[in-house]
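The exercises below are meant to be worked through with the sequence and the model open side by side. Each task is followed by a solution that goes step by step.

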Amino acid sequence: MLKGAKVSGRPKSLQEAKEWMLAKLAARNHPMNALPADEGIEWIQGVPGLDGESWGSYWEQLGAQVSLQADVAEQGGDGRLASALYQKASGLYFMGRFPCPNHPAKQRCAAAERQAYIQGARHWKEPIRRVVIPFRGREAEGKEIVLLVRMPAGVERPPVVVMWGGVDAYKEQMTAASDAFLAQGVATVAMDNAGTGESPVRGVPDAERQFIAAFDWVERQAEFRGARVGCLGRSFGGYWATKLAHLMPERLAGCVNWGGGAHHMFQPEWVEASRYPDSYLMELVETRSLMLGATDDSEYLGGFKRLSLLDQGVLEQPCAPLLLVNGKEDRQCPVEDISLLIGSGSPKTVRLFPGGHMGLTPQTLPTIVDWLCKQVKGQGVRS
């Protein structure tokens, strides 16, 4: 085991961060699965620093080089090569804005990542359609929601899953999950978690407004079998899947909380203990703060505390079928939240995997996809 892969309780040094990245790259786990296994080693070893300027500019330069290669392939009529290169560039830009775009160089990477991702997806067998829907945001909130829609080939009026990531995985990181759903004849609608990417709202206690607006749009589309949709929230996004399962059980066929919290995660003692988990590369507090809209530690602690679903009084309400998935040794989100959820309200389904945050094993995503596909096809458990 590389030393950097197990550092916790303090920020990682540059060398430790490189060791952490190399370990994740070898395992093909987030966030390093955005990079090719071969070239990724050299790119990681070349990282000059972890500060925003050094980090963002380094990956931006690499992404720009590959983007130029993709442009040449596109102009030459080689769509397959262009697609592969655009996706490669998107992965590099993703690294440049990771874990959050809190510096101008990282903000440039975030914009370039979105552009390269869409350019590459045009050539897929099941391409992405970018849809922008209106959102009635409050003052200082955004006025639109960006959705990335994919339809399974040859399926008329498919069931649909709406999905989103956590604090650092945006809609552009939902490709593997989308591919798995499409393979089972289920359409996908990817969007950004509250307070991330192009989301119009911060991670405020009622940010479910943006997800409900997306569900409303889905149900109005004749191309979907959208009467009872499914939803998947990844990492921190699992929190919103859990809340929505309790707020609108009659509308949701099934929800998955993959590594998200409910109450214990938002308590000051856990917030303090999880500042520098070994499972996170860097800037977890800064990334969560950006999501919350917090400008100092007091706002950070207060913003988290207000998210407690126990304190909001929703856990004893009727609940849509809900699958809770995590790793047994998670240090970012306490497994105690699963115990709280299964001891409250409607029965839930639980699957714990070995390891840390999100329980990343070869069986994890297939387990989630199989369960949720059964739910949206009317073959699973009922609330």
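**Exercise 1. The largest cavity**

Which residues line the largest cavity? Identify them in this predicted model, and then describe the lining by element and by residue class.

*Solution.* Begin with the count, which comes to three cavities of 30 Å³ or more; the largest cavity has a volume of about 50 Å³. Its lining is made up of Y117, I128, L148, R150, M163, K171, M174, T175, S178, T188 and A190. Next, assign these residues to elements: those that give two or more residues to the lining are β2 (144-150), α6 (175-183) and β4 (187-190). Finally, sort the lining by class, which yields six nonpolar, three polar and two charged residues.

**Exercise 2. Aromatic rings and charges**

Find the members of the aromatic cluster that includes W164, and locate the arginines that lie over aromatic rings.

*Solution.* The count of aromatic pairs in the model comes to 16. Tracing the cluster from W164, one arrives at F211, F215, F236, Y239, W240, F266, Y300 and F304 as its further members. For the arginines, start with R97, which lies over the face of Y170 at 3.5 Å from the ring centre. Then turn to R351, whose charged end sits over the ring of F353, 4.1 Å from the centre of that ring.

**Exercise 3. Cysteines and disulfides**

How many disulfides does the model contain, and why is C255 not bonded to C231?

*Solution.* The count of disulfides comes to zero. A disulfide is a covalent bond between the sulfur atoms of two cysteines, so the step that matters is to check the distance between sulfurs. The closest cysteine sulfur to that of C255 belongs to C231 and is 3.4 Å away, which is too far for a bond because the cut-off is 2.5 Å. For C333, which is likewise in no disulfide, the nearest cysteine sulfur is that of C231, at 16 Å.

Accessibility is the next step. C255 has a relative accessible area of 0% and therefore counts as buried, the limit being under 20%. C333 is also buried, at 1% relative accessibility. C109, which has its place in helix α5 (residues 104-121), is buried with a relative accessible area of 0%. As a check on distances in the model, the C-alpha atoms of C109 and V218 are separated by 30 Å, although these two residues are 109 apart along the chain.

**Exercise 4. Backbone exceptions**

Locate the cis peptide bonds at P31 and P99 and the positive phi values at A140 and E283, and place each of these residues in its loop.

*Solution.* The expectation is stated before the exceptions: most residues other than glycine have a negative phi, and most peptide bonds are trans. The bond from H30 to P31 is cis, with omega near 5 degrees, and P31 lies in the loop between α1 (14-27) and α2 (39-45). The bond that joins F98 and P99 is cis as well, with omega about -5 degrees, and P99 has its place in the loop between α4 (79-97) and α5.

Turning to phi, A140 is not a glycine, yet its phi is positive, at about 75 degrees. A140 lies in the loop between β1 (129-134) and β2, where it is exposed, with a relative accessible area of 84%. E283 has a positive phi near 55 degrees and is found in the loop between α9 (268-273) and α10 (284-292); with a relative accessible area of 22%, E283 counts as partly exposed.

How values were computed:
Residues numbered from 1 in each chain as written. Predicted model: local features only at pLDDT ≥ 70, side-chain atom pairs only at ≥ 80, totals over all residues. Heavy atoms only, no water. 1 Å grid on protein atoms, 1.4 Å probe; cavity = no way out; pocket = protein on both sides within 12 Å on 5 of 7 lines; lining within 4 Å. Points joined across faces, edges and corners; volume = space filled by probe spheres on them. Helix = DSSP H or I, 4+ residues; strand = E, 2+ residues; numbered from the N terminus. Nonpolar A, V, L, I, M, F, W, Y, C, P; charged D, E, K, R; others polar. Phe/Tyr/Trp six-rings, centres within 6.5 Å; stacked < 30°, edge-to-face > 60°. Lys NZ or Arg CZ within 6 Å of the ring centre and 35° of its normal. Buried < 20%, exposed > 50% of the residue type's maximum accessible area, 1.4 Å probe, protein only.
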